Amino acid sequence: MTPTQSGPRCWPRARDSASGSSASDPSPCSTSRPASPPTGSTTFPPPSSPLEPHASSAGASRVAASTRPAASPTTSAPRASSAGASATPSPTGTSSWFLAIGACGVVGITDHPEILRALSPTYALGFLTGHFGIAFFALAGVVLAVTGAEALYADMGHFGRRPISRAWLVLVFPACTLSYLGQGALILADPANTSSPFFLLVPDWGRLPMVLLATAATVIASQAVITGAYSVASQAAQLGYLPRLRIAYTSESTMGQVYVPWINWLLMVSVLALVFAFRSSAALAYAFGMAVTGTITITTLLFFYVARSKWGTPVWLLGTGAVLLLAVGLLFFAANLTKFVHGAWLPLLIGLLAFTVMTTWQRGRKIVTEERAAREGPLPDFIDELHSGRAVTSRVPGTAVFLNRGKQTAPLALRANVEHNHVRHENIVIVSLETEPVPRVPDVERSVVDDLGHAHDGIIHVSARFGYMETPDVPAALAALDPAATDGHLPLDEASYFLSTIELRRGAAPTMAPWRKRLFIATSHITADAAEYFGLPRDRTIIMGSHIEV
């Protein structure tokens with residue numbers, strides 16, 4: 001061994017791991033890597049902060065910012081009057097759609113220019129105040145014409161404020177306004193056109209191309225639902241409300257663009273079920289309205305909470321804004337509640353189910369985290385115990401690599417090896433992985449080595465950093481370590497890799513309701529395989545498990 005000074009050692013660049021992003025757990029306690037531990041195990045944060053994400057905070061915020069819009073144009077008659085404002089991944093397709101609907105609107109306005117008087121809000125206010133009984137119920141349909149516009153701003157995290165504002169002011173808003181005015185003019189000319197004003201606004205020769213364009217725009221915009229679901233699932237996992245799912249990152253420039261296979265299949269099954277159950281977009285219209293107005297109301301409430309708790313905005317100012325915004329939002333929400341039995345129940349049911357799953361997982365995760373932390377014990381105390389001789393062990397040749405969530409606690413597999421087998425390997429490497437908010441981490445900045453306060457004892461901790469586009473390869477990361485940083489060459493050709501897993505069992509303790517315990521255990525089975533994800537050799541990977549009752 002080469003003598004080195006005791007204390008944290010970084011190779012090749014000095015870096016205090018405590019000051020960087022928290023270490024992830026490649027064992028069943030991972031909270032920052034973009035994939036999951038072995039099937040049947042669970043994902044938990046360190047006991048000191050059961051709800052904090054372990055990925056870099058920048059990474060979590062980018063995931064949060066990546067949620068994409070969910071509205072799309074449609075070709076069905078009940079929604080034909082909705083031009084649909086939706087940001088899409090295809091600039092050409094999106095521009096063509098908005099230019100086409102705007103041009104058709106101009107034709108209708110030219111034939112009946114008096115429709116421009118509708119730009120005055122006095123007509124809407126007069127209708128609402130003079131015929132409230134009718135106007136209130138009409139709001140459930142009116143909301144379908146305005147939804148989708150706000151979805152454009154969901155991509156602000158990708159493109160920034162200026163491009164989004166320009167796209168809205170220069171293209172989306174004018175095109176939608178022209179389209180709606182044109183449809184209104186068409187209906188004024190002949191009320192019979194209410195059957196499908198959007199497509200009747202198009203000349204006969206252009207109706208089929210418009211149907212094809214609307215279909216293409218709908219397909220493009222459907223990506224908003226998919227990417228939004230991916231991002232929400234990824235963010236929920238970061239916050240500890242869902243187990244670790246296998247996540248594939250698809251963009252070199254934006255961490256928030258991800259692919260989650262499990263969510264993709266869930267969406268497919270859900271969409272097919274909705275299509276066969278409701279059979280038409282007319283039956284789903286009120287479900288869509290309830291989902292949107294409910295989301296707007298919740299977002300408004302969260303905004304005022306953040307404004308008060310984080311920004312310290314005066315109460316009088318918040319109250320003024322809340323009265324104005326919530327009056328509109330709650331009016332639309334209440335109008336859609338009247339359609340509860342006609343389909344508005346669906347998003348409420350979906351929201352209740354999602355809330356139940358996430359809160360159950362968060363609660364069970366906290367219970368298991370506390371129990372696991374108690375069993376693991378502090379890593380420094382465990383190392384001191386080995387040095388003091390209180391733990392009687394035989395030193396065997398070879399290298400043992402233990403994957404762990406950090407260097408605060410001792411890996412369960414290592415503790416079991418010492419306490420039950422009474423052996424320790426000549427070289428013990430405790431590895432924690434960190435996912436950084438960059439596509440790739442240079443090799444020279446890959447690893448940070450710490451001797452855990454005892455030099456030349458053969459026990460080190462390695463923090464391996466990977467970019468979100470990289471597939472973590474633990475053996476390759478260890479092979480790249482400089483022997484000077486590890487007190488000599490690590491014989492990795494025959495090294496054994498140890499994983500810790502936890503089998504969850506339903507216990508008698510009144511920690512949760514019995515049905516929630518069953519739900520928590522069932523949810524834990526959707527995690528991915530850790531050995532495959534981390535590139536561990538199957539023939540030299542040892543999984544040591546224990547069980548915890550919830």
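Here are legends for a few close-up views of this predicted model.

**View 1. Strand β6 is covered on both faces.** Strand β6 runs through residues 447-450. In a regular strand the side chains alternate between the two faces of the sheet. Here Ser447 and Val449 sit on one side, Val448 and Asp450 sit on the other, and all of them are buried. The strand has a partner too: β6 pairs with β7 (residues 459-467) in the antiparallel sense, over 4 bridges. Look for serine 447, which stands opposite alanine 464 in β7.

**View 2. The largest nonpolar core has 25 residues.** Val401, Val429, Val474, Leu478, Phe534 and Leu536 touch the most other members. At least two core residues come from each of β4 (394-403), β5 (423-436), β7, α15, β8 (496-505) and α17 (530-533). The biggest giver is β7, with 4 residues. Follow valine 429 outward and, beyond its neighbours within four places in sequence, you meet contacts that include Val401, Phe402, Ile460, Val462 and Leu478.

**View 3. Proline 475 belongs to helix α15.** This helix spans residues 474-479. Setting aside residues up to four places away in sequence, proline 475 touches Leu492, Tyr497, Phe534, Gly535, Leu536 and Pro537. Between proline 475 and leucine 492 there are 7.6 Å from C-alpha to C-alpha, and they are 17 residues apart in sequence.

**View 4. Helix α9 has a buried side and an exposed side.** The helix covers residues 261-278 and reaches 26 Å from its first C-alpha to its last, close to the 26 Å expected. Its buried residues are Pro261, Ile263 and Phe278. They lie on the same side of α9 because they cover an arc of only 160° around the axis. On the other side, Trp265, Val269, Phe276 and Ala277 are exposed. Just after α9 comes arginine 279, with a positive phi near 70°.

**View 5. Salt bridges join charged side chains at the end of helix α12 and beyond.** Across the whole structure, 9 salt bridges are found. Arginine 375 and glutamate 371 meet in one of them, at 3.0 Å from N to O, and both lie in α12 (residues 345-376), 4 residues apart. Glutamate 376 forms another with arginine 405, with the closest N and O atoms 2.6 Å apart. Glutamate 376 lies in α12 and arginine 405 in the loop between β4 and α14, so this pair ties together parts that are 29 residues apart in sequence. Both glutamate 376 and arginine 405 are buried. Arg372, Glu376 and Arg405 are linked in a network of salt bridges.

Terms used: Residues are numbered from 1 along each chain as its sequence is written. This is a predicted model: local features need pLDDT of at least 70, side-chain atom pairs count only at pLDDT 80 or more; totals for chains, interfaces and linings use all residues. Side-chain values use heavy atoms; hydrogens and water are left out. Buried means under 20% relative accessible area, exposed over 50%, partly exposed in between (1.4 Å probe, protein chains only). Two strands pair if DSSP finds at least two bridges between them. Contact means heavy atoms within 4.5 Å. A nonpolar core is a set of buried Ala, Val, Leu, Ile, Met, Phe, Trp, Tyr and Cys residues joined through side-chain atoms within 4.5 Å. The expected span of a helix is 1.5 Å times one less than its number of residues. The arc is that of the directions from the helix axis to the C-beta atoms. A salt bridge is a side-chain nitrogen of Lys or Arg within 4 Å of a carboxyl oxygen of Asp or Glu.
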